[in-house]
Amino acid sequence: MTSTRPGGTGPLAGRTVSRVGFGAMQLERLHDDRDAALALLRRAVELGIDHADTAQFYGNGFVNEVIREALRPEDGVLVASKVGADPNPGGAIPLRSAQRPEQLRASVEDNLVSLGLDRIPLVNLRRLDTGPGLRPEGDQVVDLDDQLAVMIAMRDEGKIGAIGLSAVTLDGLRHALPAGIACVQNSYSLVARDNEDMLRLCVAEGIAWVPFFPLGGAFPGMPKVTEEPAVLDAAKALDVTPAQVGLAWLLHHAPNTHLIPGTASVNHLEANVAAGSLVLDEATLAMLDSVPARVQEIPLG
């Protein structure tokens, strides 16, 4: 493994890890080429990545199984998972809500089995407070306190090491602070910065900020970082890709940011890692900071 940690290092769930991690969701695209999925994870370790983000509902367990097979204890990779949804194979949306406390506990148990772990270092509670994504209905409308109670209990039992929150509101995060929150995963990018107040709170509280959709554009109609003129200009001047500029901006923007870009391609993985060492000067940062932010909410059809 390389001694260089992509993007430098930062604290996460009581560990010091590379600020460029690996989001494993897209590994499900390699469902029919398990060897390629394993090779991609081994390459991530070789590049110095020691933070992988997954979930049991990624590929209905396939992604966790590949992580279990590919990663070794001596690699020292912090594996973060998430709960709050279950696989829904064959559904219009491949996920269904699983917000009730007993469902959160069952999801943690499923993750422990598929990952082959006695304890998951970090588990993110995926709330359904903000989009884009699922919305709670019926018995899936669950009070945050009830969810935190079971998460804290599992932490006390040693099943999880630290608690994170995902798709949470600013008020929700404030309310949850006494529980001890290690990280927040919300949708956030250069073109979708409506979570700026939450990011500032995370900086103040020493909470890691782990944005998903870091380049925007995950759904039709969402703004894309890689289509912004300022980003294109910066990429041309620096002889890098627009995606690398977008990722580098996130690392420069806040010291507590950890990236988890996902890919099923070794070439894209290497480009994402290279973005961690990209230096943006003050003029470039000012140009990028001036890009107008747009709301990233997408209605569900």
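Tutor: Before we begin, a helix axis here is a line fitted to C-alpha atoms over the stretch in contact, and angles between axes run from 0 to 180 degrees between N-to-C directions. Please also keep in mind that this is a predicted model.

Student: At what angle do helix α3 and helix α4 pack?

Tutor: Helix α3 covers residues 101-115 and helix α4 covers residues 144-156, and their axes lie 9 Å apart. The crossing of α3 and α4 is right-handed. The two helices pack at an angle of about 35°.

Student: How do the residues of the contact of α3 with α4 divide into nonpolar, polar and charged?

Tutor: On the side of α3 the contact is made by P101, L104, R105 and V108, while α4 brings D146, Q147, V150, A153 and M154. Sorted by residue type, the residues of this contact divide into six nonpolar, one polar and two charged.

Student: Which residues is S107 in contact with, leaving aside its neighbours within four places in sequence?

Tutor: S107 lies in helix α3. Because its relative accessible area is 4%, under the 20% limit, S107 is buried. Once neighbours within four places in sequence are left aside, its contacts are with V83, A85 and D86.

Student: Turning to helix α8, which elements are included in what covers its buried residues?

Tutor: Helix α8, residues 242-253, has twelve residues and reaches 16 Å from its first C-alpha to its last, close to the 16 Å expected at 1.5 Å a residue. Its buried residues are Q244, V245, G246, L247, A248, W249, L250 and L251. The cover over these buried residues includes α7 (229-238), α9 (266-275) and α10 (282-289).

Student: Which residues form one aromatic cluster with W249?

Tutor: W249 is one of the buried residues of α8. The cluster that contains W249 is completed by Y188 and W209.

Student: How many aromatic pairs are there, and why is the pair of F57 and Y58 edge-to-face?

Tutor: With ring centres required to lie within 6.5 Å, the count comes to four aromatic pairs. The rings of F57 and Y58 have their centres 5.4 Å apart and their planes at 90°, which is over the 60 degrees required, so the pair is edge-to-face.

Student: Is F212, whose ring pairs with that of F213, buried or exposed?

Tutor: The rings of F212 and F213 have their centres 5.0 Å apart and their planes at 80°, so this pair is edge-to-face. The relative accessibility of F212 is 17%, and because this is under 20%, F212 counts as buried.

Methods
Residues are numbered from 1 along each chain as its sequence is written. This is a predicted model: local features need pLDDT of at least 70, side-chain atom pairs count only at pLDDT 80 or more; totals for chains, interfaces and linings use all residues. Side-chain values use heavy atoms; hydrogens and water are left out. Helices (H or I, at least four residues) and strands (E, at least two) are DSSP runs, numbered from the N terminus. The expected span of a helix is 1.5 Å times one less than its number of residues. Buried means under 20% relative accessible area, exposed over 50%, partly exposed in between (1.4 Å probe, protein chains only). Contact means heavy atoms within 4.5 Å. A crossing is left-handed if the near helix is turned anticlockwise from the far one by less than a right angle, and right-handed if clockwise. Ala, Val, Leu, Ile, Met, Phe, Trp, Tyr, Cys and Pro count as nonpolar, Asp, Glu, Lys and Arg as charged, and the others, Gly among them, as polar. Rings of Phe, Tyr and Trp (its six-membered ring) pair if their centres lie within 6.5 Å; planes under 30 degrees apart count as stacked, over 60 as edge-to-face and the rest as tilted.
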